[in-house]
Amino acid sequence: MDFLHQVLNQSPELALFLSLAIGYWVGSIQFGKFQLGGVAGSLLAAVVISQLGVTIDNGIKSVLFALFIYAVGFESGPQFFRSLGRHSLREIVLAAVMALSGLATVVIAARLLDLDKGLAAGIAAGSMTQSAIIGTASAAIAKLDLPLEQIQALQGNVAVGYAVTYIFGSFGAIIMCVNILPWFMKRAIRDDATKAEAELLAGARVYGPGEQPAIAPLIGRIYRVEQAAGKTVEQLEALQQGSGQTTLTVERIKRGGALVGIAPDTVLENGDVVLVVGRRAGVVAIAEQLGAELQSYPDMDVVVVQRELTIDNPAFLNRTVADIRQEANRTLRHGVYVVEVKRGGRPLALQHDTVIASGDLVMLYGTPDDIQRVAKQVGSVIVPSDKTDFVFHGFGLVVGLLIGMIVVRLGAVPLTLGSGGGALIAGLAFGWYSSLHMTRGNMPTPASTLLRDLGLAGFVAVVGLQSGRQAVETIATQGVSIFLVGVVVCIVPILIAMLVGRYVLRYDNVALFAGALSGARSANPAFGEVLDKAGNSIPTVPFAVTYALANVFLTLLGPLVVAFA
C-alpha cells in the first residue's frame, strides 16, 4: 500500500486514468436492465482509489469540466437560441421547483435532527452538487452575531457536510435521472430522443458513420444510344425534367473510341456511349428512350462530390424555393443536384413555399467543376476537414472563463456563474455564431465527442479522488446520519420535480425531461449519462436553460439555509 501511495502521489495522472479505465469497465456491466454507466463508474472507482491517499491539483478538475461544458454548449448553440421564448417557461418553473423543494427539505431535516447551520448548508451544497453554496453559506455565517470560535466551527462544518454528501449527490442524481425517470415515465430515453430528433428533422433520415442508403437517390449509368439517335443533349436532358428541377445530366459521350465534347446542341448518333448522372427516377426511366444499359465502358467514369455551400448571395435570400427554381438559369442548374438544405444544423423541408434565409446551407451533388461554378454565384464551399479551429475555440474558452469570473452581489450574497456556467454560455454563443459563419469554428464530431466524454468522466474522477477519502473518514467518525440526510436531500427534490414536471408542466418526452431535470439539479455527471443514453443532443437544450438558472437559484440556497435552519 505504501508503494502504491508513493507511486500515485508521484504521478497523480495515473490515479486519474486508472479511475477512468476501471470506472468504464465497471460501468459497462449490466445488472438486468440496470447499468451504472461510465461516469458513475469512474466516480466510484475514484472514491476507492482515493483511500490510498492521492493528491491531485484542483485546476485539473476545472479544465476538464470547462472542456466538457463548452463542447456541449457549442453543439447546442444554434438550437438553444431558436428555442428561447415561451417554450422555456417550463424549464424556468422546473428549476425554481427544484431549488425551493431542496431548500424546504434541508431546513426540515436540519430542524428534525437538530443539525447546526454549518452542517445544514454543507449538506445542501453536497447533496445538490452546487459547490457555490459553500461560499455563500460561509459568507452568511460570518455575518452572524456569534463568537469567532463558533463561527469558525460552523464554517468548518460546511466543508464536512459537503464532503460527506457530495459523492452520493452526484451518484444519486445519475440514478434518478437515468434509471428512475425512464421507469417513472414508462419509456426509454433513447426512444424518445430518437422520436424528438425525427420531428426536428422533418422526416428526413440521418445516417450514422459508415451508413448509406441501399437505394441511392443520385446515381450514374452508362447507355448505348439507340432510340435517342438524332436528339441533341439538351433534348435528351429535357425528357425527364419536371417541376423546374434538373433530373439528369449527360456527363460524357464516347464515339468511335474517342470522347466527344458536350454542348447543349451536340447531336447523339447511333452507337454512342453516354454516361448519364442524376436522380434515380429520371436516370432509370430514360433507358426506354435512350438505349441498352452497359455495365461498364472504358473512360466513362466521372468523379462526383457532395459539398456544402453557404447561401450568401442576396439574390437567393428571403425568397421561396419556387421563385429560385423559376428564375435560376439553365447554366446555373446544369449538372448540379440539391441533396438537402439545412438550417441550424437541421434539414429543411424543401416545399415550393419554403423561404431560404441567411445562414442556410445547401448540400450539392455534382462534378467538382460544376460545384465550383455554382459556388461563385451562390456562396462559399465548406471544405470538410478533420482539423479543429483552435484559434476560434481557444478564444471561446477564454471568453467563457472570463464570464465565469464575474460576480454580481445581491445585497450580501455574491452571485456568479462560475467557470462551468461561463464556459456553457460561451459555447452556446460561439456555436450559434459558427452556425451563421460555417467557415469558422470547425470542430469535427470525433473531437467534440472526445472533449465531452473525457471532460465529464475526468471531472467526476477528480472529484472522487479529492473528496472520497475525507467522505469515508467523516462517515466513520461522525456516523452515517449526515450521509443519510444527504441521501434524502438528494432524492426528495428530484422526486418532487419529477411529479411537477410530469403532471403539472406536462413533460411527455423523457429525453427532454431528463435533460431539464439534470440541469435543474446542476447535475453535470447525470447530464453526461443522459446524453450517452440519448445518443444525440436532444436533451441539451432544456439542460442549458435549467442549468443556467440552477447556478443562480441553488447558489442562493446558502444564505437561505443559514437563515432558516
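## A walk through the model, starting at a five-stranded sheet

Start by selecting the open sheet of five strands, ordered β5-β4-β6-β3-β7 and paired in antiparallel fashion. Its edges are β5 (258-260) and β7 (291-294), each with a single partner strand, so one side of each has no neighbour in the sheet. On average, neighbouring strands here are turned by 35 degrees against each other, direction ignored. Axes are lines fitted to C-alpha atoms, for helices over the stretch in contact, and angles run from 0 to 180 degrees between N-to-C directions. Strands (E, at least two residues) and helices (H or I, at least four) are DSSP runs numbered from the N terminus, and two strands pair if DSSP finds at least two bridges between them.

Some housekeeping before you click on: this is a predicted model, where local features need pLDDT of at least 70 and side-chain atom pairs count only at pLDDT 80 or more, while totals for chains, interfaces and linings use all residues. Residues are numbered from 1 along each chain as its sequence is written, and side-chain values use heavy atoms, with hydrogens and water left out.

**Stop 1: β4 and its turn-off to β5**

Stay in the sheet and select residues 248-255, strand β4, which three bridges join to the antiparallel β5. Show Arg255 and look across to β5: Ala258 stands opposite. In the loop between these two strands you'll find Gly256. Is Gly256 buried or exposed? Gly256 counts as exposed, because its relative accessibility is 84% (buried is under 20% relative accessible area, exposed over 50%, partly exposed in between, with a 1.4 Å probe and protein chains only). Draw a distance from Gly256 to Val273 and you get 9.1 Å, C-alpha to C-alpha, for a pair 17 residues apart in sequence.

Now slide back along β4 to Thr249. With a relative accessible area of 1%, Thr249 is buried. Which residues does Thr249 touch, not counting those up to four places away in sequence? Light up Glu237, Leu275, Val276, Val277, His334, Gly335 and Tyr337; contact here means heavy atoms within 4.5 Å.

**Stop 2: Thr367**

Keep Gly335 displayed and add Thr367, which sits in the loop between β13 (361-366) and α15 (368-378). Though in a loop, Thr367 counts as buried, at 11% relative accessibility. Leaving aside its neighbours within four places in sequence, Thr367 is in contact with Gly335, Glu251 and the run Val302, Val303, Val304 and Val305.

**Stop 3: two loops with a positive phi**

Most residues other than glycine have a negative phi, which makes the next two worth a click. Asp114, between α5 (89-112) and α6 (117-127), is in a loop and has a phi near 55 degrees. Asp114 is exposed, with a relative accessible area of 69%. Then jump to Lys186, in the loop between α8 (148-185) and α9 (189-200). Lys186 isn't a glycine either, yet its phi is positive, about 60 degrees. Its relative accessible area is 72%, so Lys186 is exposed.

**Stop 4: a covered helix, then α22**

Select 524-534 for helix α21, which is mostly covered, with nine of its 11 residues buried. Among the buried ones are Asn524, Pro525, Phe527, Leu531 and Ala534. Just after α21 comes Gly535, with a positive phi near 80 degrees.

Move on to helix α22 (residues 540-553) and pick Asn551. Asn551 counts as buried, at 6% relative accessibility. What separates the C-alpha atoms of Asn551 and Ile133? Just 9.8 Å, although they are 418 residues apart along the chain.

**Stop 5: a nonpolar patch**

Switch on the surface and colour Leu18, Ile22, Trp25 and Ile29, which make a nonpolar patch of about 370 Å². Patches are made of residues with over 30% relative accessible area and no salt bridge; like charges are joined within 9 Å and nonpolar side chains (Val, Leu, Ile, Met, Phe, Trp, Tyr) within 5 Å. A salt bridge is a side-chain nitrogen of Lys or Arg within 4 Å of a carboxyl oxygen of Asp or Glu. Ile29 belongs to the loop between α2 (12-27) and β1 (30-31), and counts as partly exposed at 31% relative accessibility.

**Zoom out**

Finally, show the whole protein: 23 helices and 16 strands. Of its 565 residues, 49% count as buried. The accessible surface comes to about 26200 Å², with 60% of that belonging to carbon and sulfur atoms; areas come from the Shrake-Rupley method with a 1.4 Å probe, and for residues only the protein chains shown count as cover. Of the contacts between residues at least 6 apart in sequence, 81% join residues at least 24 apart.
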